[in-house]
Amino acid sequence: MDDVCVKTSDRRWWKEAIVYQIYPASFLDTDADGLGNINGITAKLDYLKDLGVDILWVSPIYESPQKDMGYDISNYRGIHRPYGTLDDVQRLIIELRRRNMKLIMDLVVNHTSDQHPWFIDSASSKQSSKRNWYIWRKPKYDAEGKPQTPNNCPFQADLNWENPHVREEVNNILRFWLDRGVSGFRMDVINFISKDQRFPDADIVYPDRRYQPADKHFANGARLVEYLQGMKRDVLSKYDTLTVGEMPGLDKEEDRLEIVQAEEGALNMIFTFEMIELDIVHEEGRFSLKPWTVDDLRKVMDKSHRMITQQGWHTLFCENHDQPRSVTRYCDDSDEHRVAGTKLLSVMQTSLPGTLYLYQGEELGMRNMPISWGPEEYKDIESVVYWKHVCEKFPEGSAERDRAKYLLRLKARDNARTPMQWESTSNGGFCPAGVKSWMRVNDDYTTVNAAIQLSAARADGRSMFVSPYRFWQQGLEIRKQHIDLFVYGDFEIVEDTHPTVFAFKRKCKGEEFITILNFSGKEADFTLPVGQEVHFWALGSYDASSTEKPRMGTIQLLPWEGLLGCIVEGDAR
């Protein structure tokens, strides 16, 4: 193999796989209660297989009071009844295996619901055998002698990982699901399991708020690697698993590498957040807006790729259940440009290195909630608390409230949680007509839905319009046909481009492709290096008009146009 490719011994199935995240409440309702369920996932496996998906990651389906959409778990071995049963999960696993697909679960073990039997027991008495399973500290007292929280940091019922009994019980949960046929785990805020045991007050970032962000105190603690290595040693190493950790705030490259380095690392890969935080002012949090440039994007991608060059691995994603829709966020979701922008993001993701994670509806180019919807449509606790705070501080009709509505529409997590749009019929086919869905279906479901996009013939991109679904299907197929190149190949950013153009090359074993992306609503030029010619354009945001572009010299890019081309050197023509 060429020296620009990763050595064969480093090949892993989880590097080559396409992972598709499902938010179960919003995927498909098959029992007419307005809420998605496990059987709804099983019913759509052929749709996902045809798209090119290898692995399903399902957000929490465990028993839960649902105060935080299932991330508040009351029983790790049971299923939230509206979603189904353990038998339904087993049936899902069997049907996945028939299609040579796998299932990974969400592992949420930094905290539990306050309705979990462990916490109820722990809170019942200082003498409880499970008292030390959670983090308890003495209260502070105010000027009137009333007890207050021990510090100024928000908190949930966090498990005490310092207790070896907690760690062993987590291992038992892992074994329970792995023995049932699950192939791995996405680990929720897993870098929070080791905390600064002094539990100090956080720095004052928001002077008008009681609680302050305290990431530096409750994330990336001194024993994090020890705990993760313990899970790997005692359980995960005995199964062939995919493990991916959600690790906000783990910014240093050396710390990331310690977690994911080949053989020595505790996890296969981690989710990092530079890409999806390009437009955030960190001091202000989610509901803020910062202009970003293509140069910012280049730096993010370069940093991510360095993990691979140092024998680590990384993830590739633009959407998940906690983020707004990518075509709205990074491109232009207007009727004029939504399809082109969706395809641009597809070209980028299917040709970048890393394990690719696709979120439900992303393949359809689903967009954020309409600007016409009022704040009452938002259900996520983060959005509800934010809007309540705004209303308490600013009067109706104020510029501040208008700004907050705009930011909700742009950034709220609910934007990715509206029901899947399957058809043009009532409720977008998510649930039967006459049934009230748990969350309102986006108004555009009559024109943006799977049925319309599936009806488009499987095209080669040269003779007809290609729907977003079919375009993603083509991109994933090309990625799989050229695994050595797009998964293991060399990655080189093209410098000195137009300010709105992000371009990069992939090379392996004498094969070379170039990706050219115009992140702008205006036209832009890109000039191929002297001596290089595009042998053929494999994909383009404008289908036939893209794939008929000039193959050498200067190329004029249309608004939000993405191109993928096979390169030949001058002496190879």
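This tour moves through the nonpolar cores, one pocket and the cavities of a predicted model.

Begin with the interior by selecting Tyr20, Leu56 and Phe519, which are the residues with the most contacts inside the largest nonpolar core, a set of 150 residues. Next, select Phe526, Trp537, Ile555 and Leu557, which are among the 14 residues of a second, separate core. As background to both selections, nonpolar side chains in soluble globular proteins tend to be buried together.

From the cores, turn to the second largest pocket, and select Arg12, Trp14, Lys232, Glu263 and Asn268, since of the 22 residues in its lining these lie nearest the pocket's centre. The volume of this pocket is about 410 Å³, and its lining is made up of eight nonpolar, eight polar and six charged residues.

The last stop is the enclosed space, where the structure holds eight cavities of 30 Å³ or more. To find the largest cavity, with a volume of about 140 Å³, select Met275, Ser304, Thr315, Leu316 and Phe317, which lie nearest its centre among the 13 residues that line it. Then colour helix 10 (294-309) and strand 13 (315-316), the elements that each give two or more residues to this lining; helix 10 supplies the largest share, with three residues.

What classes of residue line the largest cavity? If you colour its lining by class, you should find eight nonpolar residues, four polar residues and one charged residue.

Terms used: Residues numbered from 1 in each chain as written. Predicted model: local features only at pLDDT ≥ 70, side-chain atom pairs only at ≥ 80, totals over all residues. Heavy atoms only, no water. 1 Å grid on protein atoms, 1.4 Å probe; cavity = no way out; pocket = protein on both sides within 12 Å on 5 of 7 lines; lining within 4 Å. Points joined across faces, edges and corners; volume = space filled by probe spheres on them. Nonpolar A, V, L, I, M, F, W, Y, C, P; charged D, E, K, R; others polar. Core = buried A, V, L, I, M, F, W, Y, C linked by side-chain atoms within 4.5 Å. Buried < 20%, exposed > 50% of the residue type's maximum accessible area, 1.4 Å probe, protein only. Helix = DSSP H or I, 4+ residues; strand = E, 2+ residues; numbered from the N terminus.
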